[in-house]
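This report walks through one protein model. Have the sequence and the coordinates open while reading.

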Amino acid sequence: VQLQASGGGLVQAGESLRLSCAASGSIFSINALGWYRQAPGKERELVAAITNGGSTNYVDSVKGRFTISRDSAKNTVYLQMNGLKPEDTAIYYCVAANFWIGMDSPFKYWGQGTEVTVSS
């Protein structure tokens, strides 16, 4: 499975960005797609995930601001980020898992990161 992410950039606090991730390869084996992020000096965290059944899950810090969605016809997952805050600054990684057991699922496949910077 190959994941190609795009859409990062520099924005001001309160603005929006949409990240996209195109999946290719053995995508039939994938049961969940998501986005991790890693901020400077912090551990990686799973921000949002969506299962094949369409169930969405979010870390508390982004609930109500971020929306994950997928276009199955295009094998693409999106992360719409509204009301961005400086603490959202991080490198965001598109990820995929073969099976879903919740936010602790083992995301085996990782795309390259895309950088999001939010200025205050």
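A polar contact here is a pair of N or O atoms within 3.5 Å. The model is predicted. With that cut-off in hand, start at Ser105.

**Ser105 and its loop**

Ser105 sits in the loop between E9 and E10. Its side chain reaches the backbone oxygen of Gly102 at 2.5 Å. Ser105 is buried, at a relative accessible area of 3%. Leaving aside neighbours within four places in sequence, Ser105 is in contact with Phe99 and Trp100.

**Trp110**

Strand E10, residues 109–110, contains Trp110. Trp110 is partly exposed, with a relative accessible area of 33%. A polar atom of the Trp110 side chain lies 2.8 Å from the backbone oxygen of Phe107. Not counting residues up to four places away in sequence, Trp110 touches Leu3, Tyr36, Arg44, Tyr93, Cys94 and Val95. Take Val95 from that list. Trp110 and Val95 are 15 residues apart in sequence, and their C-alpha atoms are 4.6 Å apart. Cys94, also touched by Trp110, leads to the next feature.

**The disulfide**

The structure holds one disulfide. It joins Cys21 and Cys94, with the sulfur atoms 2.0 Å apart. The link of Cys21 and Cys94 is left-handed, with -85° about the S-S bond. Which parts of the chain does the pair tie together? Cys21 lies in strand E3 (residues 17–24) and Cys94 in strand E9 (residues 90–97), so the bond connects parts that are 73 residues apart in sequence. Are the two cysteines buried or exposed? Cys21 is buried, with a relative accessible area of 1%. Cys94 counts as buried too, at 0% relative accessibility.

**The sheet around E3**

Strand E3 also belongs to an open sheet of four strands. The order is E1-E3-E8-E7, and the pairing is antiparallel. Strands E1 (2–6) and E7 (66–71) stand at the edges; each has a single partner strand, so one side of each is left without a neighbour in the sheet. From one strand to the next, the twist averages 15°. E1 and E3 run antiparallel and are joined by five bridges. Ser6 stands opposite Ser20 in E3.

**Salt bridges**

The structure holds four salt bridges. Three of the pairs are listed here.

| Pair | Closest N to O distance |
|---|---|
| Arg37 and Asp88 | 2.9 Å |
| Lys63 and Asp60 | 2.9 Å |
| Arg65 and Asp88 | 2.7 Å |

Begin with the side chains of Arg37 and Asp88, which meet in a salt bridge. This pair links distant parts of the chain, 51 residues apart. Arg37 is in strand E4 (residues 32–38), while Asp88 is in the loop between strand E8 (76–81) and E9. Arg37 is buried, with a relative accessible area of 7%. Asp88 also counts as buried, at 1% relative accessibility.

Asp88 forms a salt bridge with Arg65 as well. Here the two partners are 23 residues apart, with Arg65 in the loop between strand E6 (56–58) and E7. Arg65 counts as buried, at 12% relative accessibility. A network of salt bridges links Arg37, Glu45, Arg65 and Asp88.

Asp60, the partner of Lys63, is exposed, with a relative accessible area of 60%.

Technical notes: Residues numbered from 1 in each chain as written. Predicted model: local features only at pLDDT ≥ 70, side-chain atom pairs only at ≥ 80, totals over all residues. Heavy atoms only, no water. Disulfide = S-S within 2.5 Å. Helix = DSSP H or I, 4+ residues; strand = E, 2+ residues; numbered from the N terminus. Buried < 20%, exposed > 50% of the residue type's maximum accessible area, 1.4 Å probe, protein only. Contact = heavy atoms within 4.5 Å. Polar contact = N/O pair within 3.5 Å; in protein donor to acceptor, adjacent residues only side chain to side chain. Pairing = 2+ DSSP bridges. Axes fitted to C-alpha atoms, helices over the stretch in contact; angles between N-to-C directions.
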